[in-house]
Amino acid sequence: MTTSAPDDIAVNLRIDFSREERLGRGKIMLLSRIIETGSISAAGRSMDMSYRRAWMLVDTMNRMFAIPVVESQRGGKQGGGAVVTAFGEELLARFRKMEAKAREAIGDDLDWLQSHRAQDGADQQGRR
């Protein structure tokens, strides 16, 4: 029994709270990058994303929950910045834990899928 996905198969968790409210890998990655950089702008740039897009995703997450996920700090000598709140850090940790549980739960099925995939783009049964 395998407890994790094969390296070349990705399992992506996305939680849909409603039609407009979703939490997935993009927002989670942005949170992680904000922790690393201390900046919404720098986090967005590291993901090839505009500041406006990054700010909109942060704003969406902050409105999604009763407790702020990210708090921004304006100007000053340090030029402002952003901090992921304790709630945001817990959200990040729990999301990653949910992803790991999902991979573990379906590991055998992923192995089965992998074992039946065509290798290197080979056309196993004459289909394209």
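Here is a quick tour of the core of this structure and of two helices, α3 and α4. Keep in mind that the model is predicted.

Let's start inside. The largest nonpolar core has 22 residues. Leu23, Leu30, Leu31, Ile34, Met61 and Val70 have the most contacts inside it. At least two core residues come from each of α1 (25–37), α2 (40–46), α3 (51–64), β4 (81–84) and α4 (86–105). The largest share, five residues, is supplied by α3.

Leu30 shows what this looks like from one residue's point of view. Apart from its neighbours within four places in sequence, Leu30 touches Ala43, Gly44, Met47, Ala54, Leu57, Val58 and Met61.

Now for the two helices, whose lengths can be checked at 1.5 Å a residue.

| Helix | Residues | Expected span | Distance between end C-alpha atoms |
|---|---|---|---|
| α3 | 14 residues | 20 Å | 20 Å |
| α4 | 20 residues | 28 Å | 28 Å |

In α3, the buried residues are Ala54, Leu57, Val58, Thr60, Met61 and Met64. Viewed down the axis of α3, they fall within an arc of 155 degrees, so they line one face of the helix. They pack against β2 (22–23), α1, α2 and β3 (70–73). Turned away from that buried side are the exposed residues Arg52 and Arg63.

What about α4? Its buried residues are Gly88, Leu91, Leu92, Phe95 and Glu99. These cover an arc of only 100 degrees around the axis, which puts them on the same side of α4. Their packing partners are β1 (15–16), β2, α1 and β4. The face turned away from the buried side of α4 carries exposed Ala86, Arg94, Lys97, Lys101 and Ala105.

Notes. Residues numbered from 1 in each chain as written. Predicted model: local features only at pLDDT ≥ 70, side-chain atom pairs only at ≥ 80, totals over all residues. Heavy atoms only, no water. Core = buried A, V, L, I, M, F, W, Y, C linked by side-chain atoms within 4.5 Å. Buried < 20%, exposed > 50% of the residue type's maximum accessible area, 1.4 Å probe, protein only. Helix = DSSP H or I, 4+ residues; strand = E, 2+ residues; numbered from the N terminus. Contact = heavy atoms within 4.5 Å. Expected span 1.5 Å × (residues − 1). Arc of directions from axis to C-beta.
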